[in-house]
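Please look over the sequence and structure below before reading the notes on the ligand site and the aromatic rings.

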Amino acid sequence: MKNDGARTLTVTGLTKEYDAPTGPNRVLAGASLTAQPGETVAILGPSGSGKSTLLNIIGSLDRPTSGSVRLGDTDVTSLDGPALAAYRASDVGFVFQDHHLLPQLSALENVLLPTLAAGTGEGAEERARELLSRVGVAERADAFPARLSGGERQRVAAARALINEPALLLCDEPTGNLDREAGDRLIELLTGLAEDGVTVLVVTHNTRQAAMLGRGLLLTEGTLAPWEGGAEPA
Ligand code: ADP
């Protein structure tokens, strides 16, 4: 399945309902999108509109109520068992608002961690060092997270997300804890990484940073529509 050429992400008619005391809470109501390898796509929308839910379903951390997610020829929503574990471990990389680096491991060791789960250890250290260099923190390989700046931590988190060469890089408010300068630099980095062929989806509130990405989609009332730029959604 891996490295089988262009793997288009096709999300079709996703719905998601959560049970709430007052009845079902319908968060997604037929959200669809298509993204090609190498594309960078911002996902905007009001707080609580379902952006994280959408990203989590694409990354198979959550299941939709109905609808499908396809990566190339694979129907992700129908995977289970070892195939689902393999998808999570090696087809998808996540970057969250909080870096989630393990404090007791160095930057290099954090980047190597996903290779243990995916069983892709051979040549891993060399790849990890290359990635740390690619994200601009090669000289920080032996530093522990507490010694890194916020921007450096997110760069290490991006390197960790890419170590298993995923088709999708899913970023949920990756610049939310960064100052403007570090945030802009991270977005620039993500756009550069996409040139290697990964599809990058970035949930963000920041319309300036969204405008730095290839295109934007606006999630409102459970569906996605092209974002035409303009003011930050409430
Ligand atoms: P956003 O990322 O756009 O802020 P979320 O996807 O986090 O939105 O949440 C969308 C809605 O779904 C919110 O109303 C939230 O309370 C609800 N929600 C999210 N996750 C759960 C869950 N695990 N159980 C119940 N409701 C949830």
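The briefing that follows covers the ligand's surroundings and then the aromatic pair.

This is a predicted model, in which local features need pLDDT of at least 70 and side-chain atom pairs count only at pLDDT 80 or more, while totals for chains, interfaces and linings use all residues. Residues are numbered from 1 along each chain as its sequence is written, and side-chain values use heavy atoms, with hydrogens and water left out.

**Shell around the ligand**
- The residues surrounding the ligand (one heavy atom within 4 Å of it) include Tyr 18, Asn 25, Val 27 and the run from Pro 46 through Thr 53.
- Helix H1 (51-58) and strand E2 (23-35) each contribute at least two residues to this shell, and the largest share, three residues, is that of H1.

**Polar contacts with the ligand** (pairs of N or O atoms within 3.5 Å)
- A polar side-chain atom of Lys 51 is placed 2.8 Å from a ligand oxygen atom, and a backbone N or O atom of Gly 48 also lies 2.8 Å from an oxygen atom of the ligand.
- For Ser 49, a backbone N or O atom lies 3.1 Å from a ligand oxygen atom.
- The ligand taken alone exposes 560 Å², of which the protein buries 56% (Shrake-Rupley method, 1.4 Å probe).

**Aromatic pair**
- The structure holds one aromatic pair (ring centres within 6.5 Å).
- The ring centres of Phe 94 and Phe 96 are 5.2 Å apart with their planes at 0°, so the pair counts as stacked (planes under 30 degrees apart).
- Phe 94 is buried (under 20% relative accessible area) at 15%, whereas Phe 96, at 28%, is partly exposed (between 20% and 50%).

Terms used: Polar contact = N/O pair within 3.5 Å; in protein donor to acceptor, adjacent residues only side chain to side chain. Helix = DSSP H or I, 4+ residues; strand = E, 2+ residues; numbered from the N terminus. Phe/Tyr/Trp six-rings, centres within 6.5 Å; stacked < 30°, edge-to-face > 60°. Buried < 20%, exposed > 50% of the residue type's maximum accessible area, 1.4 Å probe, protein only.
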